[in-house]
Amino acid sequence: MILMICEMCGKNVTFVRKVTIEGVSLEVCSECAKFGVESKKEVPKEQAPRPIIAQRLENREKRSRPRDVLEKFDKEDIVEDFAQRIRIARERTGMSQKELAMKINERVTILSKIESAQMRPDEKIIAKLQKELGIVLKERVLEVVAPKESARASLTLADLIKMQK
Ligand SMILES: [Zn+2]
């Protein structure tokens, strides 16, 4: 017969119970066990098999999360190197800034500012330049916005609404 010692009263006993007494896990005799709470067999959480329902819910959440957190917008924006594209295309045609400005019915100072990237052409000028020079000045951009950042997101949304009108 194997005798074990109750960790609480020190009695030699044949049987000990694992209990928690005031947060301490002890192996005690059945008498002392009354003072504590029977320890449950604890399985570390990550090893515990998850119920299938919980797994499915989690998967569903994972699938829906990107839509909830990130909004993607397709929009058109002027290319970053518009100034260069306009200048190169104009030079290829052999036109001076003044000549091109006259053709698109804009002031040469405006065209000069656009070609030196000091000014972004508005929609009307973009359209005229694209047509006259046979170039592309707009590109589709994919904008990813996190709605949680409400200040920035709402500004972006407002801008987009404006653009779509
Ligand atoms: Zn005891």
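Reader: Which residues coordinate the zinc ion, and through which atoms?

Author: In this predicted model, the zinc ion has its donor residues spaced in sequence as C-x2-C-x19-C-x2-C. The coordination is made at 2.2 to 2.3 Å, and the residues and atoms involved are C6 (SG), C9 (SG), C29 (SG) and C32 (SG).

Reader: What is the geometry of the site of the zinc ion?

Author: The site has 4 donor atoms, and the angles among them run from 101 to 120°. Four donors count as tetrahedral if all angles lie between 85 and 135 degrees, and the site of the zinc ion is accordingly tetrahedral.

Reader: Is C9 buried or partly exposed?

Author: C6, which also coordinates the zinc ion, is buried, with a relative accessible area of 1%. For C9 the relative accessible area is 44%, and a residue counts as buried under 20% and as exposed over 50%. C9 is therefore partly exposed.

Reader: Why do the buried residues of helix α5 lie on the same side of α5?

Author: The buried residues of helix α5, which spans residues 108-115, are I110, L111, I114 and E115. An α-helix has 3.6 residues a turn, so residues three or four places apart point the same way. The buried residues of α5 lie on the same side because they cover an arc around the axis of only 130°.

Reader: Which helices are included in what covers the buried residues of α5?

Author: One of these buried residues is E115, and among the residues that E115 touches, leaving out those up to four places away in sequence, are A83, I86, R87 and R90, as well as L100. For the buried residues of α5 taken together, the cover includes α3, α4 (97-103) and α6 (123-133).

Reader: With which residue does the side chain of E115 make a polar contact?

Author: E115 lies in helix α5 and is buried, with a relative accessible area of 8%. The polar contact joins two side chains at 2.8 Å, and the partner of E115 is Q97.

Reader: Which residue follows α5 with a positive phi?

Author: The phi in question is near 60°, and the residue that follows α5 with this positive value is A117.

Reader: Where is D81 placed, and which side chain does the side chain of D81 contact?

Author: D81 is in the loop between β6 (71-78) and α3 (82-93), and D81 is partly exposed, with a relative accessible area of 31%. Although D81 and L137 are 56 residues apart in sequence, their C-alpha atoms are 8.5 Å apart in space. The side chain of D81 makes a polar contact of 3.0 Å, and the side chain contacted is that of R85.

Notes. Residues numbered from 1 in each chain as written. Predicted model: local features only at pLDDT ≥ 70, side-chain atom pairs only at ≥ 80, totals over all residues. Heavy atoms only, no water. Helix = DSSP H or I, 4+ residues; strand = E, 2+ residues; numbered from the N terminus. Buried < 20%, exposed > 50% of the residue type's maximum accessible area, 1.4 Å probe, protein only. Polar contact = N/O pair within 3.5 Å; in protein donor to acceptor, adjacent residues only side chain to side chain. Donors = N, O, S within 2.8 Å, 3.2 Å for Na, K, Ca; no water. Tetrahedral: all angles 85-135°; square planar, octahedral: opposite > 155°, others 65-115°. Arc of directions from axis to C-beta. Contact = heavy atoms within 4.5 Å.
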